[in-house]
Amino acid sequence: FGVFPFQSSCDKDVILNILSVLTDLLSLGTGRRIHYVISKGGSEALLQALATAARTEPPDHSTLLPLLRLLARVGQRDRKFGLKVQKAEATDIILSLARRNLGHHLHLIHCLWVLRVCASNVTTGTTLGVNGAMELLFKVITPYSKRHVRTVRAAIEALAALLKSKSNSRRAVNRGYLGGLLRLYQDWHHNDVSNNYIYIRRGLLLCLKHITNIQLGRETFLGSRGMEILFTSIQDCLFCRNLDPIITTVTQILRKCYPKEPLPVATVRSSYSFPLPGNAKAELPCEGSEGDYESDGEEEAEKDLDNENVESKEEDYDLETDVNKLRSRPVLDRPEEELRQYEAMCPELSHHFQELESESEEEKSLEDRTESLPSAPSYFIPSATSVKHPNYRCRNQNVSEVGPDPGEMDFKVPQQSWTKKEKCRWDPTDEKRDTVDAAQDADSCEGEDPARSHALTLHPLPEETAWYRKMFDCKTSVNPSPGERLESSDTVTNLLEKHKGDIPFHSPHFYMARAKHVKSIPDYKDMAFPDFWGHQSPPYIKPMLERKYGVQRNKVLDDVRRLIQPGDVIGRTVFDLDKPSHSSPGAPGCLTFFSKFESGNLRKAIQVREFEYDLIMNADVNSNQHHQWFYFEVRDMKLAVPYRFNIINCEKFNSQFNYGMQLVMYSVKEALQGRPRWLRAGHDICYYKNHYSCNTAAGGGMRGKCYYTLTFSVKFPHKDDICYLAYHYPYTYSTMM
């Protein structure tokens with residue numbers, strides 16, 4: 001490289017031989033060889049040689065073409081190539097060569113390759129844009145034609161690289177190039193029926209994608225009917241996997257240009273608040289224009305091609321579906337040796353539970369070994385009758401040093417060493433009597449501490465339905481009459497009589513008695529049926545849900561359809577925790593929602609289409625964030641109809657719902673038929689960024705805070721059932737108590 005720059009005394013054949021050897025070496029070599037050339041000053045030497053060769057008149061293309069090929073190849077691997085081009089003052093030389101060869105496509109395509117590599121640096125790209133590079137490229141990019149396709153492709157790729165500069169994007173919008181790009185894309189898409197020129201169509205889409213990175217570009221795109229054009233163009237491509245690059249790019253553009261909106265709630269603050277001394281905060285409304293969400297900014301830092309790719313991956317991280325590429329992989333927060341001291345507390349981390357199903361002799365020997373270790377921290381799970389029986393005695397009783405809560409005096413549940421060999425001395429024939437005793441004890445507890453007790457009712461079952469009448473052979477309201485306690489009502493008595501013993505280690509009466517003494521900020525008056533009735537373990541292991549091909553982008557396109565075809569959207573609020581009077585439950589063909597029970601979370605439900613609902617979760621108390629958990633009741637469903645639910649205010653960047661996780665569902669009908677279970681449910685499940693956002697104030701100081709949608713479809717197992725849907729198996733505070 002020391003002698004490579006052209007000298008007047010150099011023989012032309014020598015130069016050509018050097019170029020030929022370099023070309024062969026780099027074409028046969030790997031990336032390491034190119035990086036070695038770069039480290040030895042290869043980029044600078046080639047640029048200097050280009051400047052020397054371009055000054056000769058007339059230009060010697062036998063020398064220029066291999067030089068340009070080498071520059072394009074080396075420049076792709078040189079992260080500072082754009083800066084080196086500027087330092088060598090080669091931008092004008094490259095543009096001049098391109099202009100002089102507009103009519104000679106073989107020479108022009110070499111210039112365009114180098115131009116694309118130079119534009120990988122934003123600063124260099126901006127300089128090229130100021131000097132008329134985009135105008136030059138639009139002379140080369142033509143409507144659909146089978147001639148000079150390689151040249152058109154090179155020009156489009158160079159233009160896409162130039163438009164990564166925001167100043168170039170603004171210049172393109174101001175000169176009307178965005179509309180021209182849309183027309184070019186329509187023309188190529190319409191005529192390329194054999195899909196031979198996918199790379200040209202995707203190149204035009206990349207140009208649009210970069211232009212719409214600025215607010216002016218998005219506004220012009222919307223004004224040019226870009227949403228409708230792109231949305232319509234891919235409807236016939238969705239099931240062709242060869243067109244995935246086009247569909248993915250269109251999806252990214254459409255969801256980026258979807259106008260930002262605040263959540264359809266008065267405020268993102270929680271519906272529930274609790275005044276803390278000295279910590280009063282004003283309500284923060286979730287309002288603001290798009291200007292609050294983001295700003296383009298005039299000054300641009302230099303970015304290379306790699307950084308731009310990283311940004312693109314960050315922007316569309318939620319579209320990633322490869323589990324091996326998940327970021328924030330969990331790591332141990334302390335040495336593994338230190339964690340071993342906690343093994344006794346977490347047997348599920350080290351114990352193989354399959355061993356529990358071995359022969360009874362092995363179980364017996366295991367129990368014997370356990371008895372020989374009195375310090376082993378295992379626990380007995382009591383039933384209501386065993387706890388309340390006057391003769392109930394188990395060994396190894398532990399008494400809390402703090403002492404029982406006054407409101408829990410009649411509900412002491414001592415921790416016990418739990419093995420199958422342990423025998424608790426109580427008479428099982430008294431189970432029915434003791435269940436009633438639990439209710440009587442609840443009354444006495446309420447009398448002792450009225451401040452800790454409140455009326456609690458089971459959320460009503462639909463008495464008008466046929467299955468309800470058949471189950472109880474009567475028509476009684478689950479709501480007790482005035483002065484009648486729920487746990488002594490005829491309905492609950494009938495329930496427990498017909499289905500007693502279904503749930504091991506659970507007594508509905510005992511649970512209700514305990515739940516009455518739980519104080520809550522929302523002051524819950526209703527109880528969810530799964531918490532009251534209890535549940536059994538699923539009878540089988542459910543595998544991870546296999547992801548359906550294209551489900552995520554199809555859901556994004558369904559959301560875009562709302563904007564393009566607003567006449568299809570119902571937009572009726574059917575449940576509102578903040579304004580119950582504004583809800584319209586019980587409408588014909590509409591689901592009925594409810595969530596005001598312990599651990600329940602559903603703030604608002606909006607019917608979008610006949611079988612589709614947008615759901616908004618409530619934030620944590622005194623907070624405007626943490627919306628991931630959901631747990632709510634739904635009823636009045638039809639049989640074998642796929643209902644779609646969209647939880648639109650999730651916050652995480654990505655979710656296990658993108659990787660096979662399912663929600664859980666509990667059916668009251670199934671429970672009353674002897675199958676009280678939380679089962680994995682849902683199909684077409686995915687998680688993605690939506691168009692809802694908050695301004696800086698309402699977002700808790702987070703600028704342009706975005707929300708994500710968890711969407712899933714459910715076919716309910718029975719008509720007019722009552723079902724509960726939850727993020728995971730609910731575990732209430734009352735259950736813990």
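**Exercise 1. Find how much of the protein chain is buried, and list its secondary structure elements.**

Solution. The model is predicted. Start with burial: of the 737 residues of the protein chain, 48% count as buried. Next come the elements. The chain holds 29 helices and 13 strands. Then turn to contacts between residues at least 6 apart in sequence. Of these, 77% join residues at least 24 apart.

**Exercise 2. Work out how helix H7 packs against helix H10.**

Solution. Two packed helices are described by the angle between their axes and the distance between the axes. Take H7 (residues 105-118) and H10 (residues 149-162). The angle is about 20°, and the axes are 9 Å apart. Angles under 35 degrees count as roughly parallel. Therefore H7 is roughly parallel to H10. The crossing of H7 past H10 is left-handed.

Now name the residues that make the contact.
- From H7: His105, Leu108, Ile109, Leu112, Trp113, Leu115 and Arg116.
- From H10: Arg150, Thr151, Ala154, Ala155, Glu157, Ala158 and Ala161.

Sort the residues of this contact by type. The split is 9 nonpolar, 2 polar and 3 charged.

**Exercise 3. Decide which residues of helix H9 are buried, and what covers them.**

Solution. H9 spans residues 133-140. The helix is mostly covered, with 6 of its 8 residues buried. These are Ala133, Met134, Leu136, Leu137, Phe138 and Val140. The cover includes H7 and H10, the pair from Exercise 2. It also includes helix H6 (91-100), helix H8 (122-130), helix H11 (166-174) and helix H12 (177-191).

Zoom in on alanine 133, a residue of H9. Buried means under 20% relative accessible area. Alanine 133 has 0%, so it is buried. Leaving aside residues up to four places away in sequence, alanine 133 touches Leu95, Leu128 and Leu162. Compare it with isoleucine 94: the two are 39 residues apart in sequence, and their C-alpha atoms are 10.0 Å apart in space.

**Exercise 4. Is strand E9 buried or exposed, and which strands pair with it?**

Solution. E9 covers residues 663-667, and 5 of its 5 residues are buried. Check each face. Leu663, Met665 and Ser667 lie on one side, Val664 and Tyr666 on the other, and all are buried.

Strands of a sheet pair through backbone hydrogen bonds, either parallel or antiparallel. With E10 (residues 678-681), E9 pairs in the antiparallel sense over 4 bridges. Methionine 665 has leucine 679 of E10 as its bridge partner. With E13 (residues 722-726), E9 pairs in the antiparallel sense, again over 4 bridges. Serine 667 stands opposite cysteine 723 of E13.

**Exercise 5. Trace the strand order of the open sheet of 6 strands, then find its edges.**

Solution. The order is E3-E5-E6-E8-E12-E11, and the pairing is mixed. Look at the ends. Strand E3 (572-576) and strand E11 (683-694) each have a single partner strand, so one side of each is left without a neighbour in the sheet. On average, neighbouring strands of this sheet are turned by 25° against each other, direction ignored.

Step along from the E3 edge. E3 runs antiparallel to E5 (residues 604-609), joined by 4 bridges. Arginine 572 has glutamine 607 of E5 as its bridge partner.

Last, add the helix. H27 (residues 551-564) packs on the sheet. It touches E5, E6 (612-616), E8 (642-650), E11 and E12 (705-715). The direction of H27 makes about 45° with that of E11.

How values were computed: Residues are numbered from 1 along each chain as its sequence is written. This is a predicted model: local features need pLDDT of at least 70, side-chain atom pairs count only at pLDDT 80 or more; totals for chains, interfaces and linings use all residues. Side-chain values use heavy atoms; hydrogens and water are left out. Axes are lines fitted to C-alpha atoms, for helices over the stretch in contact, and angles run from 0 to 180 degrees between N-to-C directions. Helices (H or I, at least four residues) and strands (E, at least two) are DSSP runs, numbered from the N terminus. Angles under 35 degrees count as roughly parallel, over 145 as roughly antiparallel, 65 to 115 as roughly perpendicular and the rest as oblique. A crossing is left-handed if the near helix is turned anticlockwise from the far one by less than a right angle, and right-handed if clockwise. Contact means heavy atoms within 4.5 Å. Ala, Val, Leu, Ile, Met, Phe, Trp, Tyr, Cys and Pro count as nonpolar, Asp, Glu, Lys and Arg as charged, and the others, Gly among them, as polar. Buried means under 20% relative accessible area, exposed over 50%, partly exposed in between (1.4 Å probe, protein chains only). Two strands pair if DSSP finds at least two bridges between them.
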